[in-house]
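Got the model open in your viewer? Here is a short tour, stop by stop, with something to select at each one.

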Amino acid sequence: GSLWDNYSNKVADRMDHPKYLGEISEKEAESMNARLVIADWGAESCGDAVRMYWAVDKDSEIIVKATFKSFGCGTAIASSDMMVELCLGKTVDEALQITNIDVEASLRDEPGIPAVPPQKMHCSVMAYDVIKQAAAIYKGVEKGILDDDEMVC
Ligand code: FES
Ligand code: FES
């Protein structure tokens, strides 16, 4: 097969039609009784960047709406889109348990067949790091959750 065959249909679909691309405004979050969290993360080495928006219910701490924007490649867009979907309906602490392995597994068409080629796994790691950044901002941790993870691409 060609390199083209190394990507799942789910990756291709989400790359073309991400479900959660967009922003959440302060006003919208407020109307949902939610706190808005905007987190940026990226890789200095390549310049790729992702921004995630969470509306976190002020009482339950559940992520009731989430969206993203991206300057990454197609795999980064598909991974971020799936990452957002996995965050939805979870509390911030539950969202922190999601890993890039979960995202890749959710993007597979069949259990045994990888969703993206190995060279592209770092793009889903970037999507996963932005969750940690969002949680750090939510929890008011100045630096910390991410300090050890210098992203290298
Ligand atoms: Fe840069 Fe995927 S985000 S190659
Ligand atoms: Fe930058 Fe992959 S090339 S995240």
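One thing before you start clicking: this is a predicted model.

**Stop 1: the sheet**

Start with the strands. Select residues 34-42 for strand 1 and residues 49-57 for strand 2; the two pair in the antiparallel sense over 9 bridges. Now add residues 63-70, which are strand 3: here 7 bridges make the link to strand 2, again with antiparallel strands. Together you have an open sheet of 3 strands in the order 1-2-3. Strand 1 and strand 3 sit at the edges with a single partner strand each, so one side of each has no neighbour in the sheet. Turn the view to look across the strands: on average, neighbouring strands are turned by 15° against each other, direction ignored.

To check the register, pick a few facing residues. Ala 34 stands opposite Asp 57 of strand 2, and Arg 35 has Val 56 of strand 2 as its bridge partner. On the strand 3 side, Met 52 is opposite Phe 68. Keep Met 52 labelled, as the tour comes back to it.

**Stop 2: the two turns**

Follow the chain from strand 1 into strand 2. The two form a hairpin with 6 residues between them, and in that turn Gly 47 has a positive phi of about 85°.

Just past this turn, select Ala 49, which belongs to strand 2. Is Ala 49 buried or partly exposed? Ala 49 counts as partly exposed, because 17 C-beta neighbours fall inside 10 Å, while 20 or more would be needed for buried. Leaving out residues up to four places away in sequence, Ala 49 touches Asp 40, Gly 42 and Phe 71. For a distance to try, go from Ala 49 to Asn 9: they are 40 residues apart in sequence and 24 Å apart in space, C-alpha to C-alpha.

Next, run along strand 2 into strand 3. This hairpin has 5 residues between its strands. Select Glu 61 in the loop between strand 2 and strand 3: phi is near 65° here, a positive value in a residue other than glycine. Glu 61 counts as partly exposed, with 16 C-beta neighbours inside 10 Å.

There is another positive phi to look at. Asn 33 is not a glycine, yet its phi is about 55°. Find Asn 33 in the loop between helix 2 (26-31) and strand 1. Asn 33 is exposed, with 12 other C-beta atoms within 10 Å.

**Stop 3: helices on the sheet**

Bring back the helices. Helix 3 packs on the sheet and touches strand 2 and strand 3; its direction makes about 170° with that of strand 3. Then select residues 121-139: this is helix 6, lying across strand 1 and strand 2 and running at about 135° to strand 1.

**Stop 4: the core**

What fills the largest nonpolar core? Show Met 52, Trp 54, Met 83, Met 126 and Val 130: these have the most contacts inside a core of 40 residues. Strand 1, strand 2, strand 3, helix 3 and helix 6 are the elements that give two or more residues to this core. Helix 6 supplies the largest share, with 9 residues.

Now back to Met 52. Set aside its neighbours within four places in sequence, and its contacts are Ala 39, Ala 66, Phe 68, Val 84, Val 130 and Ala 134.

**Stop 5: where two helices cross**

Select residues 9-16 (helix 1) along with residues 74-87 (helix 3). They pack at an angle of about 90°, with their axes 8 Å apart; the two helices are therefore roughly perpendicular to each other. Show side chains for Val 11, Arg 14 and Met 15 on helix 1, then Gly 74, Thr 75, Ile 77, Ala 78, Asp 81 and Met 82 on helix 3: these make the contact. By class, the contact has 5 nonpolar, 2 polar and 2 charged residues.

**Last stop: Arg 108**

Finish in the loop between helix 5 (100-106) and helix 6, where Arg 108 is placed. Arg 108 is partly exposed, with 16 other C-beta atoms within 10 Å. Which residues does Arg 108 contact, leaving aside its neighbours within four places in sequence? Ser 8, Ile 113, Pro 114 and Ala 115 are in contact with Arg 108. As a final distance, try Arg 108 to Cys 123: 15 residues apart in sequence, and 15 Å apart in space, C-alpha to C-alpha.

Terms used
Residues numbered from 1 in each chain as written. Chains lettered and ligands numbered in written order. Predicted model: local features only at pLDDT ≥ 70, side-chain atom pairs only at ≥ 80, totals over all residues. Axes fitted to C-alpha atoms, helices over the stretch in contact; angles between N-to-C directions. Helix = DSSP H or I, 4+ residues; strand = E, 2+ residues; numbered from the N terminus. Parallel < 35°, antiparallel > 145°, perpendicular 65-115°, else oblique. Contact = placed C-beta atoms within 7 Å. Nonpolar A, V, L, I, M, F, W, Y, C, P; charged D, E, K, R; others polar. Pairing = 2+ DSSP bridges. Core = buried A, V, L, I, M, F, W, Y, C linked by C-beta atoms within 7 Å.
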